[in-house]
Structures are given as structure tokens and as C-alpha cells.
Amino acid sequence: MLDAIAVIVGIVIGAGIFRTPSLVAANTGSSGMFLLAWLLGGVVSLIGALCYAELTTTYPHTGGDYHFLTRAFGKRLAFLFAWARMSIIQTGSIALLAFIIGDYGAQIYSLGEYTSALYAAGVVVALTGINIIGVTVGAGAQKLLTALEVLGILLILLAGFFFAPAAAAAPAAGPLQAGPGPSLGLAMVFVLLTFGGWNEAAYISAELRTGRRGMAAALILSIVIITVIYLLINLSLLHVLGLDRIAQSDAVAGELMRLTFGEAGLWLIGLIVAVSALTSANATIFTGARTNYALGRDFPAFRLLGKWNAQTSSPVNAFLVQGAISLALIGLGLLTRNGFATIVEYTAPVFWFFLLLVGAALFVLRRKEPGRSRPFRVPFYPITPLIFCLTSAYLLYSSLVYTGLGAFVGVAVLLLGVLVLLVLPRPENTSRQ
């Protein structure tokens, strides 16, 4: 169970926490609302984790969400999820993390107008290459990066609470005004983006040695740990910078470290953020390619993705396609001149749409398979999963109403998947376990 907690926490706590606080601050009206948004993010994630705990303990399977949706709604909808994961959700996450590295790298050494996008593209190419070489190299890189990431977060907390100069802490006192037109709905889109990834636990549900109930405990404890860490990081940012300065910075952790340690701190935070982003990006590239591989195995039209390279123990074609799509999304971010925010807009509506469907799958599967053994039952059913579904629906609405071009591109790509689905031959029914 400790391994499962480490995996979940390691996937979730990535470089997003070093970039999204400024976007959250810009959409909240006071430091109290700013912290409340992060606390709400933890509560929403915990409710979602309870729903996932029932699904993962009742239907442990390496297919994760794909398997739940297949059982509840059939293979055609599951195909649409796999399409979205390949072209929007997973590849969008890779592009997001790459842009974070690019934004911080641009502060340290500029290559000109397109510095951030160039660094981002380099990250995608390098990590895809590492994972193509083989699973041993990819897993070894993940362990090293995770250890460095934990040390970096501890350093930021120490800097914010114990080493920041007294003069820098003054702006954090009292309620502060944010930018014009604050929106808690949009703030929550960015908060829950930063909490995103805990649902990846579904993909390791079949491999937990402590048994099915251990999966539920791992999910719940992981969300509690992540929420505490996020609140501490944001408290340290408020302590040093105050809400206004957080809202105005594209590299908020860099501001904190520069005020605390001078220019050396700026270099140090650039390194910490790069390591954190690389940690999450490497994990996302690793798991994403395997979903694409499963898509290739289930649908003959995508059989190219379903080829496994025995020499490197990796799905090479799936890695290459995933890398190409991620590079295209970096190009989209470059085109809009607002890389990170554009990719958030691109991924958020589709992500929340499918999370809403997974919540609905809990109701459907209870009705379709009432006699199934459920080692963990979500408490206060049906209220808890209903809250999860309503929250997901609200975040879907917010990610469409309060965002721009990126959201419409993401929805268009999903609709393209619908057209592909219409021309595909009807998939054969497979036996369920």
C-alpha cells in the first residue's frame, strides 16, 4: 500500500503547483478565498477518490477508466475515451508539463522569442526517446526524479516559512484585491488541474498486494497528503509574496526563491521545477503510451499502436505517435502565444466530461451488476457519487464558459473521434471478468 501511495502522490504532485497558483490568485478575491479554493480542491478530489475506490476494488484491472467505461457503456464509448486520452488528455498533460519547464527555463537562459516552446519540444523528444530505449531506463529515471522532486518541495517550504526576509512578507497581510472579474469556477479549473492524476491509481488497482481494500486506503490517504502539501506550499507563497504578486507572476516559485536567496535562488527554482515537471512528464509518457497500445490491441484500425517491441519491452509505435501529438499541441500553444493556459483550456473540458462519465458508471454498474462483490462501498451512496457527478458537470461547464480557443479545439478533436467511431467496424464483444 505504501508503494501505491508513493505512486499516486508522485504522479499528482508535479510542476503544476509551481505554475497554477498565479492563475488561481488572479481568479480569487482575497487570500482567504485563495486558500479555500485549494481546500475545496482536496475535498472534491477526496469525494472522487471514494467513488474510484469502489470501482477499483470491485473491478481491479490494468485498463482502469477504459475498463470501467467498457463495462458500463460498451466498447464504442470506451473507444472515444481512449481516443481522447491519446489526442487530448494524456498528450495535453505532457505538453502542459513541457511548457512549465519552458517558462522557467526561459527565465534562466533565453533563446529568443520562442524559447519556451523550443525547450518544451526538446523535453518531449528527450523523454520519449528515453522511454523508447526501454522500461528499465524509464523506471530508473522516474525514481531519481521523484527523489529530487521531494527535496525541492521541502526546500521551497523552508524558504517560504523560515528564510524569507521580513520585508517581503508584508504584502501578505489582510485581504487583498485580485485582478478584475475574479471567478471561483475558473479558479477551481486550475486547482483541480493541479490535483489531477489521482485517478491514475485505477491503472495499478490489479497489482496491489495488500488486497482490494488496500486500494481504497491508498487513494484516501494519498489525497489527504497531497492536500496538506498544497496548502503548505500556498501558505508559504502568501507569506512571502501576497496575493497580488502571486497573481502577477508567471513563475511564482521563482519570485519566492529570488527574494529569499537572490539570483542563485532563481537558478535553483528553475532546476527544481524542471525536475518536478520531468518527473510527472516521464510518468505521463510512460502510462499514456500503454493506453494507446491497448487501443491498438482492441481496434484493428489502430493495430499499428498495438505492436510491442520485445527487445526494449516497450510499445515503440505508441510512444512515437504520442510524442508527435504532444509536439503538435506545443505548436498550438506557440500559435496562441499563451502556451500553458491554452493547453489547460484544451484538456480541461474533455477531462471533466469523461470523469463525469466514470462517476455515472458507478450508478450504472450498481444497477447492472447488483450481486457483484464490492469490497469497498462508497459511503453515503447515492449522495457521494452524485456530488462527484455534479462537481464534474460544473467543472465541465466552467472549463467551456470561462476559457477560449484552446477549449474549442479540444472539443473539435473529440468530435473528430466521434466521426472516426462512426466509420469503424463494430467491435466484437469480449468476455468480462
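This briefing describes selected helices, a surface patch and the aromatic pairs of one protein structure. The model is a predicted one. A nonpolar patch of about 820 Å² lies on its surface, and a search of the whole structure finds nine aromatic pairs.

**Helix α16**

- Helix α16 covers residues 383–401, which amounts to 19 residues.
- From the first C-alpha to the last, α16 reaches 27 Å, close to the 27 Å expected at 1.5 Å a residue.
- Several residues of α16 are buried, among them Thr384, Pro385, Phe388 and Cys389.
- Further along α16, the buried residues include Leu395, Leu396, Ser398 and Ser399.

**The nonpolar surface patch**

- The patch is made by Leu158, Phe161, Phe162, Phe163, Val224, Val228, Leu232, Leu235 and Phe261.
- Two elements, α7 (135–163) and α10, each give two or more residues to this patch.
- Val224, a member of the patch, lies in helix α10.
- Val224 has a relative accessibility of 43%; this value falls between the limits of 20% and 50%, and Val224 therefore counts as partly exposed.

**Leu232 and its surroundings**

- Leu232 is found in helix α10, which spans residues 212–240.
- The relative accessible area of Leu232 is 34%, so this residue is partly exposed.
- Leaving aside residues up to four places away in sequence, Leu232 touches Leu157 and Phe161.
- Leu232 and Gly160 are 72 residues apart along the chain, and their C-alpha atoms are separated by 9.5 Å.

**Aromatic pairs**

- A pair of aromatic rings is described by the distance of the centres and the angle of the planes.
- Phe79 and Trp83 form a tilted pair, with 6.4 Å from centre to centre and 40° between the planes.
- Both Phe79 and Trp83 lie in helix α5 (residues 75–108), where they are four residues apart, about one turn of the helix.
- An α-helix has 3.6 residues a turn, so residues three or four places apart point the same way.
- Phe79 and Trp83 are both buried.
- Phe81 and Phe354 form an edge-to-face pair, with 5.5 Å from centre to centre and 70° between the planes.
- The pair of Phe81 and Phe354 links distant parts of the chain, as Phe81 is in helix α5 and Phe354 is in helix α15 (residues 339–368), 273 residues apart.
- Phe81 is buried, as is Phe354.
- Phe34, Trp38, Phe195 and Tyr230 are linked into a cluster by ring pairs.

Definitions and conventions. Residues numbered from 1 in each chain as written. Predicted model: local features only at pLDDT ≥ 70, side-chain atom pairs only at ≥ 80, totals over all residues. Heavy atoms only, no water. Expected span 1.5 Å × (residues − 1). Buried < 20%, exposed > 50% of the residue type's maximum accessible area, 1.4 Å probe, protein only. Contact = heavy atoms within 4.5 Å. Patch = residues over 30% accessible without salt bridge, like charges linked within 9 Å, V, L, I, M, F, W, Y side chains within 5 Å. Areas by Shrake-Rupley, 256 points an atom, 1.4 Å probe, with all protein chains shown as cover. Salt bridge = Lys/Arg side-chain N within 4 Å of Asp/Glu carboxyl O. Phe/Tyr/Trp six-rings, centres within 6.5 Å; stacked < 30°, edge-to-face > 60°.
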